[in-house]
Amino acid sequence: MQIYLSNAGAITLRHPTDFRRLDVLADPQPRERLELAIARVGRREDERHLRLAPSVLRFLSQHAGDPHWEAGFSAMVDYAARHGWVDERGDIRAHMVINERDPVVSVDDFKAAMRALPAGISAVSTGDGDEVAGLIVSSLTSISAEPPMVGFFVQQTASARNALLRNGRFVANVLGEDHGEVIQAFLRQPQGSARFAHGGWVMTDQGLPVLSDALASIECDIVCTEALGTHDLIVGKIRKTACRPAQPLVNFNAATHRLSLLQ
């Protein structure tokens, strides 16, 4: 088995039923990010070796509890112990290598491709009083109907990120063609009440700012966050929705566009 520390922020266990090997493959990434990833699976012994917690391996395997897998895993741990690769804490010594091949497109090519992807526009809002905050996203997506969940991505340097995580709740307000002033305020004004000076913003019973004439307003509790590259995926469980008839806007080629029906 092999733990893969991706520079996208994901940690996975490859080949979970191969008990003849145990190592770690890490993508090239900033030292600080790599050390955080290592801390999630164990600890560093030296530049080329890590100590891995068996409980983490069992969790990542997605086979924990299966009798056949458990027998193989126990045999692997026993073998490592007999060879002196298990310390007094029960952590297993594993070799770490840096992935020499990580072919990806350039940032410019990535942005060019994403500009060709039409997407709806939403104003995500959170907080109350002088602590209201929000941002414009074009990444809102449906995740699950049972339980009902949606998600979006926020840049880790975004001014609204800390407010979102601190409040643990948000409203995704789907915007239409009459919400140009809302978009401009969210893009140009500082966080706080100035960002909510345009549009029909009201406070919900739960103390969240909601756009009263949004195409859809989706009130959520944050149930999951995951760092992926330069952004955080934020997933919310939907507590309340409201829908209204209006014409939508889409983001395409770094600009907003109205939709027209083909006859």
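**View 1. Strands β17 and β18 run antiparallel and are joined by four bridges.** Strand β17 covers residues 249-252. This is a predicted model. One bridge can be picked out by its residues: valine 250 has histidine 257 of β18 as its partner.

**View 2. Strands β7, β17 and β18 form an open sheet.** The sheet has three strands. Their order is β7-β17-β18, and the pairing is antiparallel. Which are the edge strands? They are β7 (119-120) and β18. Each of these pairs on one side only.

**View 3. Helix α2 crosses helix α3.** Helix α2 spans residues 54-61, and helix α3 spans residues 67-82. Their axes come within 12 Å. The crossing angle is roughly 150°. In handedness, the crossing of α2 past α3 is right-handed. From α2, the contact uses Pro54, Leu57, Arg58 and Ser61. From α3, Trp69, Glu70 and Phe73 take part. By class, the contact residues are four nonpolar, one polar and two charged.

**View 4. The largest pocket has a volume of about 1,600 Å³.** Its lining counts 41 residues. Which of them lie nearest the centre of the largest pocket? They are Phe110, Lys111, Met114, Ser138 and His231. Several elements give two or more residues to this lining: α4 (107-115), β9 (133-137), β11 (148-155), α6 (180-188) and β18 (255-258). Helix α4 gives the most, with five residues. Sorted by class, the lining of the largest pocket holds 22 nonpolar, 14 polar and five charged residues. Strand β18, an edge strand of the sheet in View 2, is thus also among the elements listed here.

**View 5. The second largest pocket holds about 270 Å³ of space.** This pocket is lined by 13 residues. Nearest its centre lie Arg21, Leu22, Ala80, Trp85 and Arg93. Two or more lining residues come from each of these elements: α3 and β6 (92-98). How many residues does β6 give to the lining of the second largest pocket? Strand β6 gives four, the largest share. The classes in this lining are eight nonpolar, two polar and three charged. Helix α3 returns here after its crossing with α2 in View 3.

Note on methods:
Residues are numbered from 1 along each chain as its sequence is written. This is a predicted model: local features need pLDDT of at least 70, side-chain atom pairs count only at pLDDT 80 or more; totals for chains, interfaces and linings use all residues. Side-chain values use heavy atoms; hydrogens and water are left out. Axes are lines fitted to C-alpha atoms, for helices over the stretch in contact, and angles run from 0 to 180 degrees between N-to-C directions. A crossing is left-handed if the near helix is turned anticlockwise from the far one by less than a right angle, and right-handed if clockwise. Contact means heavy atoms within 4.5 Å. Ala, Val, Leu, Ile, Met, Phe, Trp, Tyr, Cys and Pro count as nonpolar, Asp, Glu, Lys and Arg as charged, and the others, Gly among them, as polar. On a 1 Å grid over the protein atoms alone, a cavity is a set of points where a 1.4 Å probe fits but cannot get out, and a pocket is an open set with protein on both sides within 12 Å along at least five of seven lines; lining residues have an atom within 4 Å of a point. Grid points are joined across faces, edges and corners, and a volume is the space filled by probe spheres set on the points. Two strands pair if DSSP finds at least two bridges between them.
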